[in-house]
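Trainee: I am new to this structure and would like a close look at a single part of it. Could you take me through the strand pairing and the core that goes with it, step by step?

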Amino acid sequence: MSKLSKWLRVSLERASRFFLPTGKIVCIEDIAPKLKKIVLRGDFTHLPFTPGLVVKCRIGKLQFRQFTLSRFDKASGSCELLIYLQNDSKAAAWVTGLKSGDQLRLFGWAARLRYQPDFTG
């Protein structure tokens, strides 16, 4: 990695603290053998969150993965992410290592809508 790209990554990371939401993990629950629900609490009041949106989380220095926002409660400042663990992927290892109290920064919350609970197909 060049010094410029490292400098740019570090600079963007520092600047992002002021405008990208960070949530503290308050609960991690196994819903099914390969499906986890992670509950975050933070200041999400200014965000256009809608259940079903795909949000991105950083899972490594330059790696991001998309997860589904399944619930959002503006009043309590909490949201839930549904995360499917795909075999031995880097994301699965990252998610398995998470614990209550960890901080997650969310990126790209205005992404496409994936989850539609009322869909009858």
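Mentor: A residue is called buried when its relative accessible area is under 20%, and exposed when that area is over 50%. By that rule, buried residues make up 36% of the 121 residues in this protein, and I should say at once that the model is a predicted one.

Before turning to the part you asked about, it helps to have the whole chain in view. The protein has two helices and six strands, and from the N terminus on these elements follow one another as α-β-β-β-β-β-α-β. Among the contacts with a separation of 6 or more, 64% are between residues 24 or more positions apart. The accessible surface comes to about 7700 Å², and carbon and sulfur atoms account for 56% of that area.

Now to the strands themselves. Strands of a sheet pair through backbone hydrogen bonds, in either a parallel or an antiparallel way. Here six strands close into a barrel, with antiparallel pairing, and their order is β1-β2-β5-β4-β3-β6. Neighbouring strands of this sheet are turned against each other by 45° on average, when direction is ignored.

If we follow that order, we begin with strand β1, residues 22-32, and strand β2, residues 35-42, which pair in the antiparallel sense over eight bridges. These two strands form a hairpin with two residues between them, and within the pairing Lys24 stands opposite Arg41 of β2. Strand β2 is in turn joined by seven bridges to strand β5, residues 78-84, and this pair also runs antiparallel; here Leu40 has Cys79 in β5 as its bridge partner. Elsewhere in the barrel, β3 and β4 pair in the antiparallel sense over five bridges, with Arg58 standing opposite Phe64 in β4.

One residue of β5 deserves a pause, namely Ser78, which belongs to that strand. Ser78 has a relative accessible area of 2%, and therefore counts as buried. Leaving aside the neighbours within four places in sequence, Ser78 is in contact with Leu40, Arg41, Phe44, Arg71, Phe72 and Asp73. Ser78 and Asp43 are 35 residues apart in sequence, while their C-alpha atoms are 8.1 Å apart in space.

From the pairing we can move on to the core. The largest nonpolar core has 23 residues, and those with the most contacts inside it are Leu40, Phe44, Phe49, Cys79, Leu81, Trp94 and Leu106. At least two residues of this core come from each of β2, β3 (54-58), β4 (64-73), β5, α2 (90-96) and β6 (103-107). Helix α2 gives the most to this core, with four residues. Leu40 and Cys79, which are listed here among the residues with the most contacts, are also the bridge partners named earlier.

Trp94 leads to a last detail, the aromatic rings. A pair of aromatic rings is described by the distance of the centres and the angle of the planes. A search of the whole structure finds one aromatic pair. The ring centres of Phe67 and Trp94 are 6.0 Å apart and the planes meet at 10°, so this pair is stacked. The pair links distant parts of the chain, with Phe67 in strand β4 and Trp94 in helix α2, 27 residues apart. Phe67 counts as buried because its relative accessibility is 5%, and Trp94 is likewise buried, with a relative accessible area of 18%.

Technical notes
Residues are numbered from 1 along each chain as its sequence is written. This is a predicted model: local features need pLDDT of at least 70, side-chain atom pairs count only at pLDDT 80 or more; totals for chains, interfaces and linings use all residues. Side-chain values use heavy atoms; hydrogens and water are left out. Buried means under 20% relative accessible area, exposed over 50%, partly exposed in between (1.4 Å probe, protein chains only). Contact means heavy atoms within 4.5 Å. Accessible areas come from the Shrake-Rupley method with a 1.4 Å probe; for residues, only the protein chains shown count as cover. Two strands pair if DSSP finds at least two bridges between them. A nonpolar core is a set of buried Ala, Val, Leu, Ile, Met, Phe, Trp, Tyr and Cys residues joined through side-chain atoms within 4.5 Å. Rings of Phe, Tyr and Trp (its six-membered ring) pair if their centres lie within 6.5 Å; planes under 30 degrees apart count as stacked, over 60 as edge-to-face and the rest as tilted. Axes are lines fitted to C-alpha atoms, for helices over the stretch in contact, and angles run from 0 to 180 degrees between N-to-C directions.
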